[in-house]
Amino acid sequence: MTKEEEFKKEFDILYIRAKSLGLSKQDIGELDCVGKLSGTGRWLKLFLLLSIFAVGALAAAAFQLKSHHLSALSTMMGYTEQEQCFLELYEPISDMLRPVVDCQICQSVSKIDRVKSLSHADFMKKYAFTGRPVVVTDGMKDWSAPDHFSFKFFKKLYKKNSPNLSGDGGEECQFFPYRTAFETLGEVFSMPTEMRDGVTGKPWYIGWSNCDPQVGNVLRKHYKKPYFLPEEVESSKTDWIFMGSPKYGAHMHIDAVGKVSWQGQVTGTKIWTLVPPPECWYKCPQQHEVLLNQGDILVVDTNKWFHSTFILNNSMSITIGSEFD
């Protein structure tokens, strides 16, 4: 294999991985730095783009830098502002600025287990903190949430003065628009009925962390700590709710919540795509498609697995979850 062929192969791998993080050909083609390089030779262009990827990946792995440190490092290495554009691409590059993951989380994972009647001992031994995802198909024992949770339920539950609606509640009241036009939860609950039901407009998907104590008290009446979590495992008091219309979901990303989480599929059907982190690509080349039906609970360390979701069928998807340690 010639050097040119070898370089092309390496770049193709990076390109595929960039797409797995949510970048499209259009995203890459519209970068200012790609335009600046349009007059250069093809392989020089590829070399520069590969170098930019390498700077981000190596800096993150070696120093676990913050984004402004990474920008300073690339400047010291002689990159122009335009050539740093890959480092400024919303989440994909910032996702690299995280602790390096031990690839044992994915090396032995050929498929995602689906289990029921999961004992405390088996959960702790096989899944709790090993990084290995699992779907518990009977995880919602004795939950009334599937009979109550709906768009109308949450809209009525949050009163006008709720800190969740305005987005002014601070870090405890997080809202995730997931590439929709919504800026607050209040805007979500104000959308037209036709858009809510997917009859008109674009499909939508959002998430939020509940910071309203009164709402929290009501939510806990309809769900409880999953039965497979033993008493010594402490569950977070924060409720995370994710909701959306069919044919949409969360783009590929990785979280920074610091703990392992579980998510219960209260209504609808959703498919998760789990991708190993970049440092494990050669050890764990396989990505996993995980189907969640109503009543299933997925346990996954979203701080270590890149993930995206997509809502199937014609029903709205609602999930609720939390973290544990």
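## A left-handed link

Let's begin with one sulfur bridge: the link of C103 and C280 is left-handed, with -95° about the S-S bond. C103 sits in the loop between α6 (90-94) and α7 (104-107), while C280 sits in the loop between β7 and β8 (288-292), so this pair ties together parts that are 177 residues apart in sequence. The S to S distance of this disulfide is 2.1 Å; to be called a disulfide here, two cysteine sulfur atoms must lie within 2.5 Å. In general, such a link is a covalent bond between the sulfur atoms of two cysteines.

Before going on, a word on what you're looking at. This is a predicted model, where local features need pLDDT of at least 70 and side-chain atom pairs count only at pLDDT 80 or more, while totals for chains, interfaces and linings use all residues. Residues are numbered from 1 along each chain as its sequence is written, and side-chain values use heavy atoms, with hydrogens and water left out.

## The chain as a whole

The protein chain has 14 helices and 11 strands. These are DSSP runs, numbered from the N terminus: H or I over at least four residues for a helix, E over at least two for a strand. Of the 325 residues in the chain, 50% are buried. Buried means under 20% relative accessible area, exposed means over 50%, and partly exposed is in between (1.4 Å probe, protein chains only).

Take the contacts between residues at least 6 apart in sequence: 78% of them join residues at least 24 apart. A contact here means heavy atoms within 4.5 Å. On the outside, the chain exposes about 16700 Å², and carbon and sulfur atoms supply 53% of that. Those areas come from the Shrake-Rupley method with a 1.4 Å probe; for residues, only the protein chains shown count as cover.

## All three disulfides

How many disulfides does a search of the whole structure find? It finds three. In the C103 and C280 pair you've already met, C103 is buried at 8% relative accessible area, and C280 is buried too, at 0%.

Next comes C106 with C284, also a disulfide with an S to S distance of 2.1 Å. This link is right-handed, with 80° about the S-S bond. C106 lies in helix α7 and C284 in the loop between β7 and β8, so the pair ties together parts that are 178 residues apart in sequence. C106 is buried at 4% relative accessibility, and C284 is buried at 4%.

That leaves C173 and C211, with sulfur atoms 1.8 Å apart. Their link is right-handed, with 105° about the S-S bond. C173 is in the loop between α11 (163-166) and β3, and C211 is in the loop between β4 (205-209) and α14 (213-222), so this pair ties together parts that are 38 residues apart in sequence. Both C173 and C211 are buried.

## Helix α14: two sides

Just past C211 is α14. Which of its residues are buried? They are V215, G216, L219 and H222. Seen down the helix axis, these fall within an arc of 115°, so they line one face of α14. (The arc is that of the directions from the helix axis to the C-beta atoms.) An α-helix has 3.6 residues a turn, so residues three or four places apart point the same way.

The cover over the buried residues of α14 includes α9 (145-148), α10 (151-157), β5 (240-244) and β11 (317-324). On the other side of the helix, P213, Q214, N217 and K221 are exposed.

## The sheet and β10

Eight strands form an open, mixed sheet, in the order β1-β2-β9-β6-β11-β5-β4-β3. Its edge strands are β1 (113-115) and β3 (175-176), each of which pairs on one side only. Two strands pair if DSSP finds at least two bridges between them. β1 pairs with β2 (residues 134-136) in the parallel sense, over three bridges, and V115 stands opposite V136.

Another pairing joins β7 (residues 269-275) with β10: antiparallel, over seven bridges. Here I271 has F310 as its bridge partner. Five of the seven residues of β10 (residues 306-312) are buried, so the strand is largely enclosed by the rest of the structure.

## A closer look at T273

T273 belongs to β7 and is buried, at 13% relative accessibility. Its side chain makes a polar contact of 2.9 Å with the side chain of E289. A polar contact is a pair of N or O atoms within 3.5 Å; within protein, one must be able to donate a hydrogen and the other to accept it, and residues adjacent in sequence count only if both atoms are side-chain atoms. Leaving aside neighbours within four places in sequence, the residues in contact with T273 include M252, Q287, F306 and S308.
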